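Here's a quick walk through a few spots worth pulling up in your viewer. Have the sequence open alongside.

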Amino acid sequence: MITIGPRAGLSAVAALGMACGLIVAAGAAWADEDWSNLFFDAKPVLDIRYRYEFVDQDAASKNANANTVRTRAGLETGRFHGFGAGFDFEWIEAIGGVHFNDTINGKTQYPVVADPDDWQVNQLYLVSRDTIPGTTFKLGRQEIVWDNSRFIGNVAFRQNEQTFDAFRGTVMAIPDTEIEYTYLEEVHRVFGTHSPVGSLGMRSHGFRGKYTGLDVLSITPFALLLDYNAASQSAFDSQSYGLLLEGSHPLGEDWKLLYAGSVAYQTDYADNPEDFGLWYYRIEPGVAYSGAKLGLGYEVLQGNGTSAFQTPLATLHKFNGPTDQFLTTPPDGLEDLYLSAMVPVPATGWLSNLSISAGYHQFWAEKGGSHYGSEWDVGLFKKFPTEFGAFSLGVQYASYNADSYSSDTDKLWLTLQFQLGPKTVRDYMDMAAD
């Protein structure tokens, strides 16, 4: 078992102090800049989403019918000598009767719909960009999304998104290159402030690089060292080292070849009582034609019968089927062979900005090869852009057919959302003047 130093702890406050020291040491000449930019270049945040979620699961005695509304509101300031700040609040509320298990209400006769009522600070952070040329620093509660979200994500599908108390520093001084260090002090999960596992303290480190100087693909090496404070989470203490490759290649005027692949190796770390070394890999070739995409993928998370490759900070809903049967990898691991498609409807008027999605999965145990089950899903999505933002309407259905794992599950989602556009206060003042 490998560790970095004596628990490798570095508080986010200490990290910001180091950043400030670097700023002073840099001795850059600050040009005159107006404090009013903090206000006039600020971007208001408003995101309102209603969702109906229906779940029919054989393992539950009743069907779930969840009607919830999430309101997120806040502001990110403009910049003064590169410095700024941001915040937003979330309010999640069930409307009508609560006929679902929100993970904390005790209604276990219903299937889980992990959208409990809550009111919380979602993000609250300080940010610095190019105060030291070619660098960005962010300190505080923030959303973090690494690339395709397989190892760190914000779980945007759920009403309460996942955020982190963290320090994040990125250097972009080298052409076509990003070098990033992230210290994670606490993860605020989708289960909310009233859940005993809603927030989990940790002393975790993330290292990530990205090189985009090649025409054919981007190269992203990374390392993620997870060390949870709670003994109940020690089974998720792990260190993962991996590489992500993504790219595309034109095949003519309208056709494009798409390709993505990743590999990672995970071992026990910190207080994990198990001793393991497990592999993860994923390959996803595909084609695109005039906005339509078709992909064939194969993803493997190894298991040894006791421990399995886990990605507890990921946006797990994006992977291994939308019915969420495999949020925790089974001890015997997981193999997922899948097909995905997204097709925009070529139309004008009310049928413009309309797209159709579909997916199909076959699941097996990586160890032993038993067939877990299969899943298919289909969705219809429509956007209504306006001067101030965009309304989105989505309908999606997914069905899991169990063989040797979990139970038959059918889910239906209806989503209506409004998101304010990325305009500044100055933009809105100009619009009002016109």
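Which residues gather in a patch of negative charge on the surface? Glu-387, Asp-427, Asp-430 and Asp-434 do. Patch members have over 30% relative accessible area and no salt bridge, with like charges joined within 9 Å; a salt bridge would put a side-chain nitrogen of Lys or Arg within 4 Å of a carboxyl oxygen of Asp or Glu. Asp-434 sits in the segment after α3 (425-433) and, at 84% relative accessibility, counts as exposed.

A word on ground rules: this is a predicted model, where local features need pLDDT of at least 70 and side-chain atom pairs count only at pLDDT 80 or more, while totals for chains, interfaces and linings use all residues. Residues are numbered from 1 along each chain as its sequence is written, and side-chain values use heavy atoms, leaving out hydrogens and water.

Now the backbone. Most residues other than glycine have a negative phi. His-81 has a positive one, near 50°, and Val-155 has a positive phi of about 50°. Buried here means under 20% relative accessible area, exposed over 50%, and partly exposed in between (1.4 Å probe, protein chains only).

| Residue | Loop | Relative accessibility |
|---|---|---|
| His-81 | between β2 (64-76) and β3 (83-94) | 14%, buried |
| Val-155 | between β5 (135-142) and β6 (163-171) | 11%, buried |

On to the rings: the whole structure holds 24 aromatic pairs, meaning ring centres within 6.5 Å (planes under 30 degrees apart are stacked, over 60 edge-to-face, the rest tilted). Tyr-265 and Trp-279 have centres 4.8 Å apart and planes at 50°, so they're tilted. Tyr-265 is in strand β11 and Trp-279 in strand β12.

How values were computed:
Patches are made of residues with over 30% relative accessible area and no salt bridge: like charges are joined within 9 Å, nonpolar side chains (Val, Leu, Ile, Met, Phe, Trp, Tyr) within 5 Å. Accessible areas come from the Shrake-Rupley method with a 1.4 Å probe; for residues, only the protein chains shown count as cover. Lys and Arg count as positive and Asp and Glu as negative; His and the chain ends are not counted. The place of a charge is taken as NZ of Lys, CZ of Arg, CG of Asp or CD of Glu. Helices (H or I, at least four residues) and strands (E, at least two) are DSSP runs, numbered from the N terminus. Rings of Phe, Tyr and Trp (its six-membered ring) pair if their centres lie within 6.5 Å; planes under 30 degrees apart count as stacked, over 60 as edge-to-face and the rest as tilted.
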